[in-house]
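User: I'd like to learn how to read a protein–DNA model like this one. Could you walk me through it?

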Protein chains: 2
Amino acid sequence: MKKYLSRPEEIILLAVWRLKDNAYGVTIKKKVEKMTEKYWSIGAVYVPLERLEKKGFVRSCLSKPKSERGGRRKRLFTITSAGIYELNKIHKVNEVIWQGYSTDKKETW
Amino acid sequence: MKKYLSRPEEIILLAVWRLKDNAYGVTIKKKVEKMTEKYWSIGAVYVPLERLEKKGFVRSCLSKPKSERGGRRKRLFTITSAGIYELNKIHKVNEVIWQGYSTDKKETW
DNA sequence: CTGATTTGTTCTACACTATAGAACATTCTA
DNA sequence: TAGAATGTTCTATAGTGTAGAACAAATCAG
């Protein structure tokens with residue numbers, strides 16, 4: 001029984017939320033890379049994204065072909081209210097588990 | 001290529017850290033259940049704990065048989081400095097990815 | 001018009017992780 | 001010495017994480 005979002009799901013969902021109406025594969029990849037300062041393969045973005053959609057936390061639709069220069073149509077993602085609910089849940093868990101960390105930390109060094 | 005701690009690893013490692021010199025299977029299970037307000041099976045605690053040890057983020061040793069009332073010897077876990085380093089890393093990532101969330105959130109409702 | 005270029009998505013494959021709970025082990029007490 | 005108490009190990013399986021090759025479609029250059 002699943003407890004809550006996995007970390008990649010959390011990060012990707014946050015990226016979609018932050019990108020508002022400009023969230024699609026490429027921008028999401030860039031965003032999560034910026035957020036984490038790590039390389040993310042395309043698969044590491046799309047596969048969890050696909051799973052988030054299956055679970056109802058994001059929705060997607062194809063954009064019109066109108067582009068600047070070549071390129072396939074974008075598949076735009078938006079967060080659903082179930083997705084936001086899920087983010088709130090994990091956010092709360094995070095607050096609880098990390099509560100008091102940075103201050104206590106000093107004592108452990 | 002692994003990016004950072006998974007969420008169960010994060011939670012368990014934090015529990016070990018918080019429990020200081022009283023971290024063993026049963027207390028860790030109780031602690032993570034309290035932290036997350038969810039049921040954790042024994043396996044859901046020990047298996048990741050085992051992996052954390054293999055990766056060098058915790059260390060363990062058996063306690064002396066001295067107990068209050070029956071029972072097997074405890075296997076006491078302690079966080080290593082590599083473990084603390086890893087916690088700091090994930091803590092930083094968390095701060096970045098959630099930065100400004102609760103205040104911005106209101107606008108999305 | 002057509003082939004190269006650009007931009008973007010889908011597919012797939014495999015190792016690793018998450019989770020549950022049964023089985024097992026050890027110690028104490030009566 | 002049986003059984004109760006406390007704790008750990010084992011095992012199985014579904015699901016997740018990750019990389020990158022393959023594919024698709026739109027535009028531009030000649």
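Analyst: Sure. Let's begin with the charged pairs where the protein chains meet. Across the interface of chain B and chain A, the rule finds two salt bridges. One to look at is A:Arg7 with B:Glu10, where the closest N and O atoms are 2.9 Å apart. Keep in mind that this is a predicted model.

User: How many residue pairs are in polar contact between chain B and chain A?

Analyst: The count is 14 residue pairs, with both partners at pLDDT 80 or more. On the chain B side, helices H1 (7-19), H2 (25-36), H4 (81-98) and H5 (101-105) each supply at least two residues of the side that touches chain A. H4(B) has the largest share of that side, nine residues. By class, the side of chain B that touches chain A splits into 16 nonpolar, eight polar and seven charged residues.

User: And how do I read the size of an interface?

Analyst: The size is often given as the accessible area lost when the parts come together. Here, about 3500 Å² is buried between chain B and chain A, and carbon and sulfur atoms give 62% of that. In residues, the contact takes 31 from chain B and 31 from chain A.

User: What turn and shift lay chain B on chain A?

Analyst: The general idea is that two copies of a chain are related by a rotation about an axis and a shift along it. In this model, a turn of 180° with a shift of 0.0 Å along the axis lays chain B on chain A, at an RMSD of 0.0 Å. That is the relation of a two-fold axis. To find the axis from chain B, go to B:Arg7: its C-alpha is the nearest to the axis in that chain, 3.1 Å away. The same surface serves both copies, with 100% of the contact residues of chain B recurring in chain A.

User: On to the DNA. Which residues are closest to DNA strand C?

Analyst: Of the 31 residues that surround strand C, the closest are A:Tyr24, A:Tyr46, A:Arg72, A:Arg75 and B:Ser6. By helix, H2 (25-36) and H3 (42-54) of chain A and H3 (42-54) of chain B each supply at least two residues of the surface near strand C. H3(B) gives the largest share, six residues. That surface has twelve nonpolar, eight polar and eleven charged residues.

User: Which part of strand C faces the protein, sugar or phosphate, or bases?

Analyst: Sort the DNA atoms within 4 Å of the protein: for strand C, 62% belong to sugar or phosphate and the rest to bases. You can see both kinds in single contacts. A backbone N or O atom of B:Ser41 lies 3.1 Å from a phosphate oxygen of strand C, and a polar backbone atom of A:Gly25 is 3.3 Å from a phosphate oxygen. B:Gly43, on the other hand, has a polar backbone atom 3.3 Å from a base oxygen of strand C.

User: What about DNA strand D?

Analyst: Strand D has 33 residues around it, and A:Ser6, B:Tyr24, B:Tyr46, B:Arg72 and B:Arg75 come nearest. H3(A) gives the most to the surface near strand D, with six residues. For base contact, look at A:Arg51: an N or O atom in its side chain is 3.0 Å from a base nitrogen of strand D. For the phosphates, a polar side-chain atom of B:Tyr24 lies 2.7 Å from a phosphate oxygen of strand D.

Note on methods. Residues numbered from 1 in each chain as written. Chains lettered and ligands numbered in written order. Predicted model: local features only at pLDDT ≥ 70, side-chain atom pairs only at ≥ 80, totals over all residues. Heavy atoms only, no water. Near = heavy atom within 4 Å. Polar contact = N/O pair within 3.5 Å; in protein donor to acceptor, adjacent residues only side chain to side chain. Helix = DSSP H or I, 4+ residues; strand = E, 2+ residues; numbered from the N terminus. Nonpolar A, V, L, I, M, F, W, Y, C, P; charged D, E, K, R; others polar. Contact = heavy atoms within 4.5 Å. Buried area = accessible area lost by both parts, 1.4 Å probe. Salt bridge = Lys/Arg side-chain N within 4 Å of Asp/Glu carboxyl O. Least-squares fit on C-alpha atoms with pLDDT ≥ 70 in both.
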